[in-house]
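Reader: I am in my first year and still learning to read structures, so could you take me carefully through one part only, the place where the ligand sits? I would like to follow what surrounds the ligand and what the neighbouring loop looks like.

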Amino acid sequence: MSIAIYPGSFDPVTKGHLDIIKRAARINDKLIVAVLVNSAKTPLFTIEERVALLRECCAGMHNVTVESFDGLTVNFAKKCHATVMVRGLRAVTDFENEIQIAQTNHALMPGIETMFLATSIKWSYLSSTIVKEAARYGSDISKFVTPNVEAAVHEKFREMYAPKQGSQP
Ligand code: ADP
């Protein structure tokens with residue numbers, strides 16, 4: 001039985017991520033989408049919000065589960081009995097960083113293989129950062145994310161920019 005994990009920040013999940021999830025779920029018996037609690041980046045969404053949005057997006061996928069984790073990804077993979085770690089590759093700019101992570105992970109835990117899936121051309125430019133930048137300035141993000149994520153992102157920015165109670169107009 002092949003168990004794979006797909007780790008990332010998913011802040012928030014995009015249609016590019018979902019494309020990788022669907023394809024990885026087709027070629028593995030079980031796929032665990034693993035949402036990183038502590039990353040170097042300051043996330044827009046809390047860990048609970050990121051997990052909840054992903055669970056809504058993956059609701060119809062019978063062999064996909066969504067979990068959060070903290071610490072080293074290889075340790076979480078081992079805990080889940082996963083032997084495959086899935087990563088998406090968008091462009092050469094991803095490659096340098098991704099190969100370094102994959103080689104480090106292999107040195108730490110040789111029993112776990114990294115599987116790279118090339119992004120579909122349709123989503124090759126897409127990142128969570130682009131989605132947040134577009135939404136921050138009021139652009140339509142419905143092409144990039146599912147309706148639940150679109151609503152959550154707009155709500156987040158509304159909360160962030162809403163005048164604080166008691167403040168002067
Ligand atoms: P991280 O903080 O680990 O880079 P991300 O949530 O940004 O987490 O990405 C998780 C994984 O999804 C990474 O392997 C990344 O390359 C991949 N990914 C991100 N956006 C896309 C996309 N548009 N198409 C395919 N893969 C993607």
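Author: In this predicted model, a nitrogen atom of the ligand lies 3.2 Å from an N or O atom in the side chain of R90. Two further approaches involve oxygen atoms of the ligand: one is 3.2 Å from an N or O atom in the side chain of R87, and one is 2.6 Å from an N or O atom in the side chain of S9. The protein covers 90% of the 550 Å² of accessible area that the ligand has on its own.

If you look at the whole shell around the ligand, you will find 17 residues, and the closest of them are Y6, S9, K41, G88 and L126. By character, this shell divides into six nonpolar, six polar and five charged residues. Strand 1 (3-8), helix 1 (15-27), strand 4 (84-89) and helix 4 (92-108) each supply at least two residues of the shell.

The next step is to look at the space itself, for the ligand takes up the largest pocket, which has a volume of about 1000 Å³. The lining of this pocket is made of 45 residues, and those nearest its centre are G8, S9, K41, R87 and E98. Two or more lining residues come from each of strand 1, helix 1, helix 3 (73-79), strand 4, helix 4, strand 5 (113-118) and helix 5 (128-136). Helix 4 gives the largest share of the lining, with eight residues. Sorted by character, the lining residues divide into 18 nonpolar, 19 polar and eight charged.

Now turn to the loop between strand 1 and helix 1, where F10 is found and where P12 also has its place. Before looking at their backbone, it helps to know that most residues other than glycine have a negative phi, and that most peptide bonds are trans. F10 is not a glycine, and yet its phi is positive, at about 50 degrees. The peptide bond that joins D11 and P12 is cis, with an omega of about 0 degrees. As you trace the chain here, remember that strand 1 and helix 1, the elements on either side of this loop, each supply at least two residues of the shell around the ligand.

Terms used. Residues are numbered from 1 along each chain as its sequence is written. This is a predicted model: local features need pLDDT of at least 70, side-chain atom pairs count only at pLDDT 80 or more; totals for chains, interfaces and linings use all residues. Side-chain values use heavy atoms; hydrogens and water are left out. A residue is near a molecule or strand if one of its heavy atoms lies within 4 Å of it. A polar contact is a pair of N or O atoms within 3.5 Å; within protein, one must be able to donate a hydrogen and the other to accept it, and residues adjacent in sequence count only if both atoms are side-chain atoms. Accessible areas come from the Shrake-Rupley method with a 1.4 Å probe; for residues, only the protein chains shown count as cover. On a 1 Å grid over the protein atoms alone, a cavity is a set of points where a 1.4 Å probe fits but cannot get out, and a pocket is an open set with protein on both sides within 12 Å along at least five of seven lines; lining residues have an atom within 4 Å of a point. A molecule sits in a cavity or pocket if more than half of its atoms lie within 2 Å of its grid points. Helices (H or I, at least four residues) and strands (E, at least two) are DSSP runs, numbered from the N terminus. Ala, Val, Leu, Ile, Met, Phe, Trp, Tyr, Cys and Pro count as nonpolar, Asp, Glu, Lys and Arg as charged, and the others, Gly among them, as polar. Grid points are joined across faces, edges and corners, and a volume is the space filled by probe spheres set on the points.
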